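User: Please take me through this model. For each label you use, I would like the criterion behind it.

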Amino acid sequence: MRGITAFVIGNGCGSARPPTPRGSLVMSADALTIRPATPADSTGLDELLAASYATLLAGHYDAETLSRALAPMSRANPRLIDSGTYYVAEICGTATEASAAQPAARLVACGGWTAEQPGTGTAAPGEAHIRHFATRPDWIGRGVGTRLLAHCINEAAALGRTTLTCFSTLNAAPFYRRSGFVTLGPLDVTLTPGVIFPAILMRRTG
Ligand SMILES: CC(C)(COP(=O)(O)OP(=O)(O)OC[C@H]1O[C@@H](n2cnc3c(N)ncnc32)[C@H](O)[C@@H]1OP(=O)(O)O)[C@@H](O)C(=O)NCCC(=O)NCCS
């Protein structure tokens with residue numbers, strides 16, 4: 001399976017890309033670029049989130065829980081996109097013929113962080129929250145999610161936020177554990193009124 005071999009600081013996939021919001025870092029690796037999401041990514045993000053969650057959560061949640069949760073979980077969050085700290089990994093250049101023909105399919109993964117806690121919107125000094133990570137099913141296991149997560153951890157730390165919290169899906173706990181998160185316990189997340197989603201509260205310090 002192909003993995004990412006190197007990352008450099010670059011200017012994104014090409015001149016047709018929208019300008020980087022708030023001057024944030026853009027990273028490139030082989031045929032992949034990690035850059036902040038923009039409102040133009042909304043449709044592609046909806047598709048990516050829907051494909052990822054519907055496929056990869058199926059073995060870990062019962063059908064009824066999943067059917068109620070998928071709609072709210074699979075919508076790109078406009079406030080996250082506007083945060084400047086929510087990222088997409090996309091295929092660059094001519095990596096695939098299909099991606100050139102279908103621009104929305106270029107996104108292979110997404111994820112970010114905010115100072116504000118999801119749900120409450122409150123922020124505490126030194127703390128940050130990992131938000132809405134997903135990798136397209138045909139791209140899992142290639143290290144893209146880990147690289148996105150490392151970028152978030154490093155960026156938050158550079159801004160003095162070294163305690164990271166994550167509401168992990170039941171399936172993603174080993175992924176976060178590999179990057180230094182520990183399990184604090186089960187957590188019921190209210191996605192929308194009446195839609196409760198079992199998750200795992202995880203934390204990483206330092
Ligand atoms: C959790 C998730 C984001 C991880 O994304 P990913 O891009 O697959 O992450 P990585 O590739 O970095 O690591 C995942 C696995 O690939 C392995 N891996 C990492 N780099 C690799 C490489 N170069 N080659 C092969 N395997 C690799 C990791 O060891 C890990 O192994 P595992 O299968 O035992 O878990 C992804 O599985 C996903 O989208 N899940 C569904 C949505 C979800 O639950 N999101 C979390 C919300 S809290």
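Analyst: Outside its neighbours within four places in sequence, Ala-89 is in contact with Leu-32, Ile-34, Val-108, Ala-109, Val-144 and Leu-148. Contact is a criterion on C-beta atoms, which are placed from the backbone and must lie within 7 Å. The model is predicted: local features need pLDDT of at least 70 and side-chain atom pairs count only at pLDDT 80 or more, while totals for chains, interfaces and linings use all residues. Residues are numbered from 1 along each chain as its sequence is written.

User: Which residues touch the most other members of the largest nonpolar core?

Analyst: They are Ala-89, Ala-109, Cys-110 and Leu-148, in a core of 43 residues. Helix H5 (residues 144-158) contributes the most to this core, with 6 residues. A nonpolar core is a set of buried Ala, Val, Leu, Ile, Met, Phe, Trp, Tyr and Cys residues joined through C-beta atoms within 7 Å. In soluble globular proteins, nonpolar side chains tend to be buried together.

User: Why is Glu-47 called partly exposed?

Analyst: A residue is buried if 20 or more other C-beta atoms lie within 10 Å of its own, exposed if 12 or fewer, and partly exposed in between. Glu-47 has 17 other C-beta atoms within 10 Å, and is therefore partly exposed. Glu-47 lies in helix H1 (residues 42-56). Its C-alpha is 9.2 Å from that of Arg-136, although the two are 89 residues apart in sequence.

User: How do you know that the span of H1 agrees with its 15 residues?

Analyst: The expected span of a helix is 1.5 Å times one less than its number of residues. For H1 this comes to 21 Å, and its end C-alpha atoms are 21 Å apart, so the two agree. H5 also has 15 residues and reaches 21 Å, close to the 21 Å expected. After H5 comes Gly-160, with a positive phi near 85°.

User: What puts the buried residues of H1 on the same side?

Analyst: The buried residues are Gly-44, Leu-45, Leu-48, Leu-49, Ser-52 and Tyr-53. They cover an arc of only 140° around the axis, so they lie on the same side of H1. The arc is taken over the directions from the helix axis to the C-beta atoms. Among the elements that cover them are helix H2 (63-73), strand S5 (107-114) and S6.

User: What makes strand S3 (residues 32-36) mostly covered, and what is the bridge partner of Ile-34 in S4?

Analyst: 5 of the 5 residues of S3 are buried. S3 pairs with strand S4 (residues 86-91) in the antiparallel sense over 5 bridges, and Ile-34 is matched there with Ala-89. Pairing requires that DSSP finds at least two bridges between the strands, so the 5 bridges of S3 and S4 meet the criterion.

User: Which elements make a right-handed β-α-β unit?

Analyst: S6, H5 and S7 do. Right-handed means that, with the strands pointing away from the viewer, the path from the first strand over the helix to the second runs clockwise. Strand S6 (residues 127-135) and S7 run parallel and are joined by 4 bridges, with Glu-127 partnered by Thr-163 in S7. S7 also pairs with strand S9 (residues 195-205), antiparallel over 6 bridges, and there Thr-163 stands opposite Thr-205. In strand S7 (residues 163-168), 5 of 6 residues are buried.

Methods
Helix = DSSP H or I, 4+ residues; strand = E, 2+ residues; numbered from the N terminus. Contact = placed C-beta atoms within 7 Å.
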